[in-house]
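Work through the following exercises with the sequence and the structure side by side. Try each task before reading its solution.

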Amino acid sequence: MDIKICSEAFDPWQEIQSHQHSVADIAGKFGATNIFIGTMRDFNEGDDVKGMTLEHYPGMTEKQLGKIVAEALQQWPVIDALVVHRVGDILPNEPIVLVAVWTSHRGDAFDASRYIMEALKSRAPFWKKELLESEVERWLVKNTDGYL
Amino acid sequence: MSIKVRYFASLKESIGRSEDILGLAGMATVGDVWRYANPNKALPDNTLAAVNMDYVELSSPVKDGDEVAFFPPVTGG
């Protein structure tokens, strides 16, 4: 299991590969890997967005993410999990979050990664402030339900 | 005998401070901490609170050495 907070841009595909290679004992054990990547859009609520700053609460963020992953491990037979989240100044098209879950079978991989992602959205202390093309800065007030 | 109070994101900007160090006298709960630290400002609706990096209710107790935090709903991911 690994939880990482990144202050620089990260490559989610590289993170998945290096994690998988670093835990050699899972080789041959997993039949399913489910991956969620959240990426910054250049639009929100009808406005053009040119950048974003992601604030977090160092220490509490890691603690809450650790609890969320532990809860997923109690509910599903997860072999391994990786959570990477960006903080600091972010540009459109840069990844914000990666959740990867390795399990024996696909149903557990889908369900556990969904659980981790939804719990992260409601409980991990991160806050987004958008910089619009109009130079206006605005804090996001709440997350959406995840559908258009 | 003191507690550290931390503020984040839009709440930090609206009160103009990121933290306070307070004496514990007269404070029994997390709600007391807010009222003592911000006597002229009502706690905004939907504000979340934590003690020692775990979520708590405003009625939760505080003790010497605690780190109390107040912040708006989270918007990561």
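**Exercise 1. Write down the order of helices and strands in chain A, and then describe its overall dimensions.**

Solution. Read from the N terminus on, the elements of chain A in this predicted model follow the order β-α-β-β-β-α-β-β-β-α-β-β, which amounts to three helices and nine strands. Turning to dimensions, the C-alpha trace of chain A spans about 50 × 30 × 25 Å along its principal axes. The next step is to compare the radius of gyration with the rule for a compact globule: for 148 residues that rule gives a value near 15 Å, and the 16 Å of chain A agrees with it. Finally, 33% of the 148 residues of chain A count as buried, and among its contacts between residues at least 6 apart in sequence, 77% join residues at least 24 apart.

**Exercise 2. Do likewise for chain B, and decide how its radius of gyration stands against the globule rule.**

Solution. Chain B has two helices and five strands, arranged from the N terminus on as β-α-β-α-β-β-β. Its radius of gyration is 12 Å, close to the 11 Å that the globule rule gives for 77 residues, so chain B is as compact as a globular protein of that length. The C-alpha trace of chain B spans about 35 × 25 × 20 Å along its principal axes, and 31% of its 77 residues count as buried. Among contacts in chain B between residues at least 6 apart in sequence, 50% join residues at least 24 apart.

**Exercise 3. Which residues of the largest nonpolar core touch the most other members, and which strand gives the core its largest share?**

Solution. The largest nonpolar core holds 49 residues, of which A:Ala81, A:Ile116 and B:Val33 touch the most other members. Its largest share, seven residues, comes from strand β7 (residues 95–103) of chain A. To see the surroundings of one of these residues, take A:Ile116, whose contacts, leaving aside residues up to four places away in sequence, are A:Ile68, A:Val69, A:Ala72, A:Ala81, A:Val83 and A:Val99. As background, nonpolar side chains in soluble globular proteins tend to be buried together.

**Exercise 4. Find the buried residues of helix α2 in chain B, and work out how they are placed around the helix axis.**

Solution. Helix α2 of chain B covers residues 30–37, and its buried residues are B:Val30, B:Val33, B:Trp34 and B:Ala37. Around the axis these four cover an arc of only 95 degrees, which puts them on the same side of α2(B). From there, follow what they pack against: the partners are β1 (2–7), β2 (19–23), β3 (48–51), β4 (54–56) and β5 (67–71) of chain B.

Now look at β5(B), where four of the five residues are buried, so the strand is largely enclosed by the rest of the structure. β5(B) pairs with β1(B) in the parallel sense over four bridges, and B:Val5 stands opposite B:Val68 in β5(B). With β3(B), β5(B) pairs in the antiparallel sense, again over four bridges, and here the bridge partner of B:Leu48 is B:Phe71.

**Exercise 5. How many residues does each chain bring to the contact, and which element of chain A gives the most?**

Solution. Chain A brings 24 residues to the contact and chain B brings 13 residues. On the side of chain A that touches chain B, at least two residues each come from β4 (47–56), α2 (60–75), β7, α3 (106–123) and β8 (126–132). α3(A) gives the most to that side, with five residues. Sorted by character, the residues on this side of chain A are 13 nonpolar, five polar and six charged.

**Exercise 6. Is A:Glu135 buried or exposed, and what is the sign of its phi?**

Solution. A:Glu135 lies in the loop between β8 and β9 (137–139) of chain A, and it is exposed, having 7 other C-beta atoms within 10 Å. Its phi is near 75 degrees, a positive value in a residue other than glycine. For context, most residues other than glycine have a negative phi.

Conventions: Residues are numbered from 1 along each chain as its sequence is written. Chains are lettered from A and ligands numbered from 1 in the order in which they are written. This is a predicted model: local features need pLDDT of at least 70, side-chain atom pairs count only at pLDDT 80 or more; totals for chains, interfaces and linings use all residues. The radius of gyration is taken over C-alpha atoms; the globule rule is 2.2 Å times the number of residues to the power 0.38. A residue is buried if 20 or more other C-beta atoms lie within 10 Å of its own, exposed if 12 or fewer, and partly exposed in between; C-beta atoms are placed from the backbone. Two residues are in contact if their C-beta atoms, placed from the backbone, lie within 7 Å. A nonpolar core is a set of buried Ala, Val, Leu, Ile, Met, Phe, Trp, Tyr and Cys residues joined through C-beta atoms within 7 Å. The arc is that of the directions from the helix axis to the C-beta atoms. Ala, Val, Leu, Ile, Met, Phe, Trp, Tyr, Cys and Pro count as nonpolar, Asp, Glu, Lys and Arg as charged, and the others, Gly among them, as polar. Two strands pair if DSSP finds at least two bridges between them.
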